Amino acid sequence: MTVTSPVRIGLIGAGGIAGAHLAGYARIPDRVRVTAIADAVPETLARRAEETGARAYADFTELVHDPEVDAVDICLPHHLHKAAIVAAAKAGKHILCEKPLCLTAEEAAEVRAAVQAAGVTLMCAHNQLFMPAVAKAKEVIDSGALGDVYEVRTTDSFYNDFDPSTMGWRAHAATSGGGEFIDTGYHPTYLLMHLAGARPVKAFAMMSTHRLTFMEGEDSAQVLVRFDNGSVGQLVTSWAYDAAPGTDRFSVVGEKGSLSSDGTTLRVRLRGEDEQVFEHEAVDTFAAEIVDFVDCLGSGRRPLNTEVEGIAVLGIILAAYESARTGEAVDVIGA
């Protein structure tokens, strides 16, 4: 199912991350138009509608029935994602959804059923997959240059200056789905799975709250993941501290060599060969994912990550939370 250019976008949720998405659409004005915006905060809705000239809706359940909308871009708080996805799918709209896809296995089943029944395209907004170093690393791995993948590591940690007055819905497990791990930690989780190129089957985790004690959830997490190809993934993520200097953003070890990256420079070391170094300029990954979403709708090409991968990433996260609670390794369900 393809969409004729220009693609008409309905933005659902106009605060926070929506600004990065709107900047992405502004880069390709000949190929896409934001025709409708929904937000429950009147001031935010009015400001974004004035900026874009889009029709304003106080309720996204009305926006999804707008005939001048081909696809929706969901930028809502986590706990509202499932309802917006299901409503959009039932209305026949294609979907770009910010992370996480949803919050529970039951919600994931509803999302899968709604999207598949409607036959629409759903793209998970996994923006870090559009880092040039990640794309090159994936190319190297898929070429077989590393041989069988043994180990993958990812890191996404920074000193977060949230306080009780600014953290909002992220401070509460009912609206965020947990703590740091399901928020920022979601990024190294999908990156881990992408580089492993396999289905997650088991997870073991330790969660900590080192500094942001006013949160209901953790501010840091360390997670091990076993994949069905035998590889093992390890991720570290935190809002409590910056990663130590020299820490790789991601690395992969295989039977024939390894690769590692700080997020821009990629180093590939194959056994018996000189190191290859690939330098990349930093890019706006949100803009890159927006362009790719529009490309997918125009060509019918499958997005890098659909609801299939989104549900698998959620499976890792839910298993990790259960592991942290029980102290045991937990099977990943629904991947």
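**Close-up 1. P100 in the loop between β5 and α5.** In this predicted model, P100 is found in the loop that runs between β5 (94-97) and α5 (105-118). Take a look at the bond leading into this proline: the peptide bond from K99 to P100 is cis, with omega near -10°. As background, most peptide bonds are trans.

**Close-up 2. P6 in the segment before β1.** Here is another cis bond to find, the one that joins S5 to P6, with omega near 0°. P6 belongs to the segment before β1 (7-12).

**Close-up 3. F181 and Y321, an aromatic pair between distant parts of the chain.** What describes a pair of aromatic rings? The distance of the centres and the angle of the planes do. For F181 and Y321 the centres are 5.9 Å apart and the planes stand at 75°, so this pair is edge-to-face. The two residues are 140 residues apart and link distant parts of the chain. F181 comes from the loop between α7 (173-176) and α8 (186-196), while Y321 comes from helix α10 (residues 307-326). Are these partners buried or exposed? F181 is buried, because its relative accessibility is 0%. Y321 has 18% relative accessibility and is buried too, because the cut-off for this label is under 20%.

**Close-up 4. Y186 and Y190, an aromatic pair within helix α8.** Now follow helix α8, which holds both Y186 and Y190. They are 4 residues apart, about one turn of the helix. Their rings form an edge-to-face pair, with 5.8 Å from centre to centre and 65° between the planes. Y186 is buried, with a relative accessible area of 0%, and Y190 is also buried, at 0%. If you would like to look for every such pair in the model, the count comes to 3 aromatic pairs.

**Close-up 5. R211 over the ring of Y159.** This view brings together a charge and a ring. The charged end of R211 sits over the ring of Y159. From the centre of that ring, the distance is 3.7 Å.

**Close-up 6. T44 and its contacts.** Finally, meet T44, a residue of helix α2 (residues 42-52). T44 counts as buried because its relative accessibility is 14%, below the cut-off of 20%. Which residues does T44 touch, leaving aside its neighbours within four places in sequence? T44 is in contact with A14, G15 and D39.

Terms used
Residues are numbered from 1 along each chain as its sequence is written. This is a predicted model: local features need pLDDT of at least 70, side-chain atom pairs count only at pLDDT 80 or more; totals for chains, interfaces and linings use all residues. Side-chain values use heavy atoms; hydrogens and water are left out. Rings of Phe, Tyr and Trp (its six-membered ring) pair if their centres lie within 6.5 Å; planes under 30 degrees apart count as stacked, over 60 as edge-to-face and the rest as tilted. Buried means under 20% relative accessible area, exposed over 50%, partly exposed in between (1.4 Å probe, protein chains only). A charge sits over a ring if NZ of Lys or CZ of Arg is within 6 Å of the ring centre and within 35 degrees of the ring normal. Contact means heavy atoms within 4.5 Å.
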